[in-house]
Amino acid sequence: MLNKPKDYITTTDDPQERRTVMHLVEKASRERIYPVGRLDRNTTGLLLMTNDGDLADKLSHPRSSITKIYHVELSKSLAQGDLNKLQFGLELEDGLIKPDSVSYVTGATKKKLACRYIVVKTALYAVCLSTWIMRL
């Protein structure tokens, strides 16, 4: 597991030579490891790293129908209207992104959200949630 800091790309190789999570773990293991899923460059959070390609495929491929749950803390409160926009889905460059559910975390401020969805295409990861919020 890696607590990914801001300004790192979640990829094994970047043709634009930006900092990747692989730079953070290059001495962590003698075996080849790589990230499962992805987090947006501006997103911080827990990222699973593995040397098990079958596990990585099972956790991230749409055919597995694995439920993904993200708890997100925002830098500012999210208005109910914007939360509704997230719930109904937003059109991004690569298509419509719609969670199974999104809500405020019970007992917390409106800066904390819980987002749940089943992966239906590989573009649906935490990056989508951060993209939604940046667009609102």
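## Strand β3 and a nonpolar patch

Let's start with L48, which sits in strand β3, the stretch covering residues 45-50. Keep in mind that this is a predicted model. L48 is partly exposed, at a relative accessible area of 33%. Together with M1 and L46, L48 makes a nonpolar surface patch of about 350 Å². L48 can join such a patch because its 33% clears the cut-off of over 30% relative accessible area.

## The sheet

So how are the strands ordered in the sheet? The order is β1-β3-β2, an open sheet of 3 strands with antiparallel pairing. That puts β1 (2-4) and β2 (34-36) at the edges, each pairing on one side only. From one strand to the next, the twist averages 50°.

Now for the pairings themselves. β1 and β3 are antiparallel and share 3 bridges; on that side, K4 stands opposite G45 of β3. β2 and β3 also run antiparallel, joined by 3 bridges. Here Y34 has T50 of β3 as its bridge partner, and P35 faces M49, again in β3.

Then there's helix α2, made of residues 53-60, which lies across β2 and β3. The helix runs at about 30° to β2.

## The loop between β1 and α1

This loop has a few residues worth a look, and T20 is one of them, placed between β1 and α1 (21-25). Is T20 buried or exposed? T20 counts as buried, since its relative accessibility is 4%, under the 20% cut-off. Leaving aside residues up to four places away in sequence, T20 touches Y8, I9, T11 and D14.

D14, one of those contacts of T20, is buried too, with 10% relative accessibility. The D14 side chain meets that of R18 in a salt bridge, 2.9 Å from N to O. R18 itself is partly exposed, with a relative accessible area of 36%.

## Two positive phi angles

Most residues other than glycine have a negative phi, so a couple of backbone positions here stand out. D7 is not a glycine, yet its phi is positive, at about 75°. E17 is another residue other than glycine with a positive phi, this time near 60°.

Where do these residues sit? D7 belongs to the loop between β1 and α1, and E17 is placed in the loop between β1 and α1 as well. As for accessibility, D7 is partly exposed at 32%, while E17 is exposed at 73%.

## Salt bridges

How many salt bridges does the count come to? The count comes to 4, including the D14 and R18 pair described above. Another has the side chains of R41 and D7 meeting at 3.0 Å, N to O. R41 lies in the loop between β2 and β3 and D7 in the loop between β1 and α1, so this salt bridge ties together parts that are 34 residues apart in sequence. R41 is partly exposed at 35% relative accessibility, and D7 is likewise partly exposed, at 32%.

R63 and D57 make a further salt bridge through their side chains, at 2.3 Å from N to O. R63 is exposed, with a relative accessible area of 57%, whereas D57 counts as partly exposed at 33%.

Notes. Residues numbered from 1 in each chain as written. Predicted model: local features only at pLDDT ≥ 70, side-chain atom pairs only at ≥ 80, totals over all residues. Heavy atoms only, no water. Patch = residues over 30% accessible without salt bridge, like charges linked within 9 Å, V, L, I, M, F, W, Y side chains within 5 Å. Areas by Shrake-Rupley, 256 points an atom, 1.4 Å probe, with all protein chains shown as cover. Helix = DSSP H or I, 4+ residues; strand = E, 2+ residues; numbered from the N terminus. Buried < 20%, exposed > 50% of the residue type's maximum accessible area, 1.4 Å probe, protein only. Pairing = 2+ DSSP bridges. Axes fitted to C-alpha atoms, helices over the stretch in contact; angles between N-to-C directions. Contact = heavy atoms within 4.5 Å.
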